[in-house]
Amino acid sequence: MRTADYPVDTTILERWSPRAFAADTMPEADLMSILEAGRWAPSAFNAQPWRFVWALRGDSAWDRLLGLLIPFNQGWAEKAAALVFFVSDTMQDGSSGPKPSHSHSFDTGAAWALMALQAGHLGYHSHGMTGVDFEAARRELGVPERFRVEAAAAFGRIGDPAALPDGLAAVAQLKWTTRRLAITTCQQRLFP
Ligand SMILES: Cc1cc2nc3c(=O)[nH]c(=O)nc-3n(C[C@H](O)[C@H](O)[C@H](O)COP(=O)(O)O)c2cc1C
């Protein structure tokens, strides 16, 4: 169990990113709850720049989305139950036409974080990935120029690390700690 410097909700402390998934399926309704959590994220001007492209293990899109991950990630994510690709709209529509969005990635990251927590609430784990063939993802997912493919994530029930490919089992069990709050937080100025 992770320990916090200051009290935080257990859903936050219990979230971590395993590589050992159970190779089972997820009801579509559960994935929709996870995506729904992302829908309620805050965003600048309520622009909601995120788009989610998903596949469930066993559906017709699964192999295509799995194939967009780098081989290392495919090696463990193939046992996840759902894959989601996060795409963001880099432009924001306004009365004088579209202009570049400052926070499309930030907002989409907020959506992903809520989805990870909702997944935990439902008894699933999640694992974000930028080990993605981004050019192929743009092509295969039909992402227009205006949009950015941000990342992907795997969701599923946790599995047995012993079933992982060689070399992955050891790292899979590590639950990383994080920098102490005092190192990433400062009052008033980042650098004196
Ligand atoms: C945007 C993002 C991209 C990541 N990319 C990968 C990846 O390609 N492959 C991988 O195995 N883990 C990836 N991770 C997992 C991180 O390494 C992990 O979240 C980090 O070490 C902290 O561990 P924790 O999530 O268990 O707290 C990614 C995480 C995020 C949020």
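**Exercise 1. Find out which residues Leu83 touches, not counting residues up to four places away in sequence, and decide whether Leu83 is buried or exposed.**

Solution. Start with the contacts: in this predicted model, Leu83 touches Trp54, Ala55, Leu65, Leu66, Ala77, Ala152 and Ala154. Next, place the residue: Leu83 sits in strand S2. Now take one pair and look at the gap. Leu83 and Ala153 are 70 residues apart in sequence, yet their C-alpha atoms are 5.8 Å apart in space. Finally, count neighbours. A residue is buried if 20 or more other C-beta atoms lie within 10 Å of its own. Leu83 has 27 of them, so it counts as buried.

**Exercise 2. Work out the strand order of the open sheet of four strands, and say which strands are at the edges.**

Solution. Going across the sheet, you meet S1-S2-S6-S5, with antiparallel pairing. S1 and S5 each pair on one side only, and that makes them the edge strands. Neighbouring strands are turned by 25° against each other on average, if you ignore direction.

Now go through some of the pairings. S2 and S6 run antiparallel and are joined by eight bridges. Ser88, for example, stands opposite Arg148 in S6. S5 and S6 are also antiparallel, over five bridges. Try two of the partners here: His127 is matched with Ala154 in S6, and Ser126 with Phe155 in S6. As for cover, eight of the 10 residues of S6 are buried. What holds such pairs together? Strands of a sheet pair through backbone hydrogen bonds.

**Exercise 3. Check the length of helix H5 against the 1.5 Å a residue rule, then find what its buried residues pack against.**

Solution. Length comes first. H5 covers residues 104–121, which is 18 residues, and the expected span is 26 Å. Careful, though: you multiply 1.5 Å by one less than the number of residues. The end C-alpha atoms of H5 are 26 Å apart, so the two values agree.

Then list the buried residues of H5: His104, Asp107, Thr108, Ala111, Trp112, Met115, Ala116, Gln118 and Ala119. Look at the spacing with this rule in mind: an α-helix has 3.6 residues a turn, so residues three or four places apart point the same way. The buried residues of H5 pack against helix H2 and strands S1, S2, S5 and S6. H5 lies across those four strands, and its direction makes about 155° with S2. Just after the helix, Gly123 has a positive phi of about 90°.

**Exercise 4. Compare Ala23 and Gln188: where does each lie, and how many C-beta neighbours does each have within 10 Å?**

Solution. Ala23 is in the loop between helix H1 and H2. Its phi is near 60°, a positive value in a residue other than glycine. Ala23 has 15 other C-beta atoms within 10 Å, so it is partly exposed. Gln188 comes in the segment after helix H8. Gln188 isn't a glycine either, but its phi is positive, at about 80°. With 5 neighbours inside 10 Å, Gln188 counts as exposed.

**Exercise 5. Describe the shell around the ligand by its nearest residues, its main contributor and its classes.**

Solution. There are 11 residues around the ligand, and those that come nearest are Trp16, Ser17, Gly128, Met129 and Gly131. Which element gives the most to the shell? That's S5, with three residues. Sorted by class, the shell has four nonpolar, six polar and one charged residues.

Note on methods: Residues numbered from 1 in each chain as written. Predicted model: local features only at pLDDT ≥ 70, side-chain atom pairs only at ≥ 80, totals over all residues. Buried ≥ 20, exposed ≤ 12 C-beta atoms within 10 Å, placed from the backbone. Contact = placed C-beta atoms within 7 Å. Pairing = 2+ DSSP bridges. Axes fitted to C-alpha atoms, helices over the stretch in contact; angles between N-to-C directions. Near = placed C-beta within 6 Å. Nonpolar A, V, L, I, M, F, W, Y, C, P; charged D, E, K, R; others polar.
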